[in-house]
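This report concerns the helix packing, the nonpolar core and selected residues of one protein chain.

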Amino acid sequence: MEACHSPGQFNVTSYVSASVIIGTLEAFAGMWINAFIVSVICIAWVKRKTLNSNEKILLLLGSSRFWYLFIVWLYYFLFKMFPNYLCIYPTFQLLAGAQRLFNCFELSVSACLSVFYCAKIANFRNSCFFYLKVKIDRMVPWLLLGSVFFSLVIGILAYEIIDKPQCNNSSGQENLWKVKIKTDIQFFPIFFITGFGYATSFMAVILSVLLLLFSLWRHKRNMQTSSMKDLSMDAHIKAMKSILSFFVMYSINFISLIVIMIFSGESKRAMMFLIYVFHYAFPGVHSLILIFSNPKLKNTLLRILPCVKCKVCMK
């Protein structure tokens, strides 16, 4: 006897399958990009026995984004395909806490990277900015340590708060979705603390971008007045494009975070899925921009790609 499937059930199954496939492709692409950054920097670390400040930030940024994407993908895969496993204590609590931890950490390290670029590239006659420019290399380890501490606090708070509304005897995706909605509504403080961290990181990025743009604009004007505009004008234009791309990516990510926090309890699946697609594309796309803005990473990637093509063709 053949099983009867209603059109609504078929549509739900098709939606779940398509969303899992798209999410898997997006997550693994971002994981590969960040794993490439980590591997290249680790190889350089083994050869030189040391890392500069920029490489330290990129190493931690790539590592945090790799594990963030992996945990997000694992959570989404289990939530869609095997929701009963998330009701096994404390799987749901651990994944949610780890997701918050690595998300806050990668945003904090991204903000540190923007501040580092601003301090290294921008030129101002202010004494405080000059002190920051000189001491920024010594401040980077402390900034990263502060990011680790802040992320651990967020992760622990998220675990403790989400640990309260546990799964009851009924299992399944509908029950898990009710638990998620209950968590989102009842425990607003964790969203407020996390949102404050997002806002702080985003404000640091905005300030760094504005200072960099103003410094580059003033440098461009000085070059025009001194009749030297043809020497490095192209380099400055490329730098401004790169900085603007950073700002656009951070803006899209921050807006998507706000929308997710507002509509997390709604049942608009299609809209939320598109928002999540844009949101979780940020760690991979931004890391790809960082690769092409770094000559060493860019050259290494361009050397690897022909080898991959040759191996594929030989098969």
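The text below goes from the overall fold to pairs of helices, then to the core and to single residues.

**Overall fold**

The model is predicted, not experimental. The protein chain contains 10 helices and zero strands, and its elements accordingly read α-α-α-α-α-α-α-α-α-α from the N terminus on. Of its 315 residues, 41% are buried. Among contacts in the protein chain with a separation of 6 or more, 77% join residues 24 or more positions apart.

**Packing of α2, α4 and α5**

Two packed helices are described by the angle between their axes and the distance between the axes. The table sets out these values for three pairs.

| Helix pair | Angle between axes | Distance between axes |
|---|---|---|
| α2 and α4 | about 150° | 8 Å |
| α2 and α5 | roughly 15° | within 9 Å |
| α4 and α5 | roughly 165° | within 8 Å |

Helix α2 spans residues 53-81 and helix α4 residues 91-121; their axes are 8 Å apart at an angle of about 150°. Because angles over 145 degrees count as roughly antiparallel, α2 is described as roughly antiparallel to α4. The crossing of α2 with α4 is left-handed. The contact of α2 with α4 involves 21 nonpolar, six polar and two charged residues.

Helix α5 covers residues 127-162, and its axis crosses that of α2 at roughly 15°. The two helices, α2 and α5, are therefore roughly parallel to each other, and their crossing is left-handed. On the α2 side the contact is made by S53, K56, I57 and L60, and on the α5 side by D137, V140 and L144. By class, the residues in the contact of α2 with α5 are four nonpolar, one polar and two charged.

The third pair consists of α4 and α5, whose axes come within 8 Å and cross at roughly 165°. That angle makes α4 roughly antiparallel to α5. The crossing of α4 and α5 is right-handed. The contact of α4 with α5 comprises 25 nonpolar, six polar and four charged residues.

**The largest nonpolar core**

Which residues touch the most other members of the largest nonpolar core? They are I37, I57, L58, L113 and I291, in a core of 24 residues. At least two residues of this core come from each of α1 (7-48), α2, α4, α5, α9 (269-293) and α10 (295-314).

Two of these residues also appear together in the surroundings of a third. With neighbours within four places in sequence set aside, L113 is in contact with I57 and L58, as well as with N54, L61 and L290. I57 is, in addition, one of the α2 residues that make the contact with α5.

**Individual residues**

N34 lies in helix α1. Is N34 buried or exposed? Its relative accessible area is 0%, so N34 is buried. Beyond its neighbours within four places in sequence, N34 is in contact with L61, G62, R65, F66, L69, P283, G284 and S287. L61 thus belongs to the contacts of N34 and to those of L113.

K49 belongs to the loop between α1 and α2. Its phi is near 65°, a positive value in a residue other than glycine. K49 counts as exposed because its relative accessibility is 67%, the cut-off for exposed residues being over 50%.

L78 is part of helix α2 and, at 15% relative accessibility, counts as buried, since the cut-off for burial is under 20%. The C-alpha atom of L78 is separated by 9.8 Å from that of V20, a residue 58 positions away along the chain. Neighbours within four places in sequence aside, the contacts of L78 are with P83, L86 and L95.

F124 is located in the loop between α4 and α5. What does F124 touch, not counting residues up to four places away in sequence? F129, L211, F214, S215 and R218 are the residues it touches. One of them, L211, lies 87 residues from F124 along the chain, with the two C-alpha atoms separated by 9.2 Å.

Terms used
Residues are numbered from 1 along each chain as its sequence is written. This is a predicted model: local features need pLDDT of at least 70, side-chain atom pairs count only at pLDDT 80 or more; totals for chains, interfaces and linings use all residues. Side-chain values use heavy atoms; hydrogens and water are left out. Axes are lines fitted to C-alpha atoms, for helices over the stretch in contact, and angles run from 0 to 180 degrees between N-to-C directions. Helices (H or I, at least four residues) and strands (E, at least two) are DSSP runs, numbered from the N terminus. Angles under 35 degrees count as roughly parallel, over 145 as roughly antiparallel, 65 to 115 as roughly perpendicular and the rest as oblique. A crossing is left-handed if the near helix is turned anticlockwise from the far one by less than a right angle, and right-handed if clockwise. Ala, Val, Leu, Ile, Met, Phe, Trp, Tyr, Cys and Pro count as nonpolar, Asp, Glu, Lys and Arg as charged, and the others, Gly among them, as polar. Contact means heavy atoms within 4.5 Å. A nonpolar core is a set of buried Ala, Val, Leu, Ile, Met, Phe, Trp, Tyr and Cys residues joined through side-chain atoms within 4.5 Å. Buried means under 20% relative accessible area, exposed over 50%, partly exposed in between (1.4 Å probe, protein chains only).
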